[in-house]
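Hi,

Here is the structure I promised to pass on. Have a look at it first, and then read my notes underneath.

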Amino acid sequence: MKRVATALLMLSIWIVAPLAAQTDETGILEGRVEDESGNSVAIADVRIAQADGSYPGRAIADEDGYFRIGFIKPGVYDITASALGYRTAVLSQVRIRAAQVTRVTVVTEPAPVELEALT
């Protein structure tokens, strides 16, 4: 029984240690998407973009507009948020630092949704 407990402890350390090490080398972006009045924008698609146009991470905001993207390499990024019925909002030059949580508020404004008639 003691051998099994020791084996399980070693296995858990072997699995968890690399994850802990990764967070020291990467950062986290978290925040909220809201409209100009401070009301949450639910189910917004939030993306973090590098200068070359690649997207190293994305999240979907919850019903209260909150989102979280982890394991981001340190650097400067542009953050975009888009949702049905709202204009796409962009935060430029957001710095992500290793082993830190960067908090942002993305403010967007309503946009009319135009639907075509079915014929």
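Below is what I found in it, going from the overall fold to single residues.

First, a caution: this is a predicted model. The chain has 1 helix and 7 strands, and the order along the sequence is α-β-β-β-β-β-β-β. Of its 119 residues, 31% count as buried. Among contacts with a separation of 6 or more, 54% are between residues 24 or more positions apart. The accessible surface comes to about 8400 Å², and carbon and sulfur atoms account for 56% of that.

Now the inside. In soluble globular proteins, nonpolar side chains tend to be buried together. Here the largest nonpolar core has 20 residues, and Leu29, Val33, Ile48, Phe67 and Ile79 are the ones with the most contacts inside it. Two or more residues each come from β1 (27-35), β2 (45-49), β4 (66-72), β5 (75-82), β6 (89-96) and β7 (101-108). Ile79 is a good place to start if you want to click around: leaving aside neighbours within four places in sequence, Ile79 is in contact with Leu29, Val46, Arg47, Ile48, Ala89, Val90, Leu91, Val94 and Val106.

Which residues form a nonpolar patch on the surface? They are Leu84, Val113 and Leu115, with about 390 Å² of accessible area together. Leu115 sits in the segment after β7, and its relative accessible area is 77%, so Leu115 counts as exposed.

Next, the charges. I get 6 salt bridges in the structure. One of them joins the side chains of Glu30 and Arg103, at 3.0 Å from N to O. Glu30 is in strand β1 and Arg103 in strand β7, so this pair ties together parts that are 73 residues apart in sequence. The two ends differ in burial: Glu30 is buried, with a relative accessible area of 17%, whereas Arg103 is exposed at 61%.

Asp45, in strand β2, is worth a look too. Its relative accessibility is 14%, so Asp45 falls among the buried residues. Asp45 has a salt bridge with Arg47, where the closest N and O atoms are 3.1 Å apart; Arg47 itself is partly exposed, at 26% relative accessibility. Asp45 also forms a salt bridge with Arg58, again through side chains (3.1 Å, N to O). Because Arg58 lies in strand β3 and Asp45 in strand β2, that pair links parts 13 residues apart in sequence. Going back to Glu30 and Arg103, salt bridges with shared partners join these two and Arg68 into one network. As for the wider surroundings of Asp45, not counting residues up to four places away in sequence, Asp45 touches Arg58, Ala59, Ile60, Thr80, Ala81 and Ser82.

Two more residues to check. Gly65 is in the loop between β3 (57-60) and β4, and its relative accessible area is 0%, so Gly65 is buried. The C-alpha atoms of Gly65 and Ser40 are separated by 4.8 Å, although the two residues are 25 residues apart along the chain. Beyond its neighbours within four places in sequence, Gly65 is in contact with Gly31, Arg32, Val33, Ser40 and Val41.

The other is Thr102, in strand β7, which is buried with a relative accessible area of 14%. With neighbours within four places in sequence left aside, Thr102 is in contact with Ile28, Leu29, Glu30, Val94, Arg95, Ile96 and Arg97.

Cheers

Key: Residues numbered from 1 in each chain as written. Predicted model: local features only at pLDDT ≥ 70, side-chain atom pairs only at ≥ 80, totals over all residues. Heavy atoms only, no water. Core = buried A, V, L, I, M, F, W, Y, C linked by side-chain atoms within 4.5 Å. Buried < 20%, exposed > 50% of the residue type's maximum accessible area, 1.4 Å probe, protein only. Helix = DSSP H or I, 4+ residues; strand = E, 2+ residues; numbered from the N terminus. Contact = heavy atoms within 4.5 Å. Patch = residues over 30% accessible without salt bridge, like charges linked within 9 Å, V, L, I, M, F, W, Y side chains within 5 Å. Areas by Shrake-Rupley, 256 points an atom, 1.4 Å probe, with all protein chains shown as cover. Salt bridge = Lys/Arg side-chain N within 4 Å of Asp/Glu carboxyl O.
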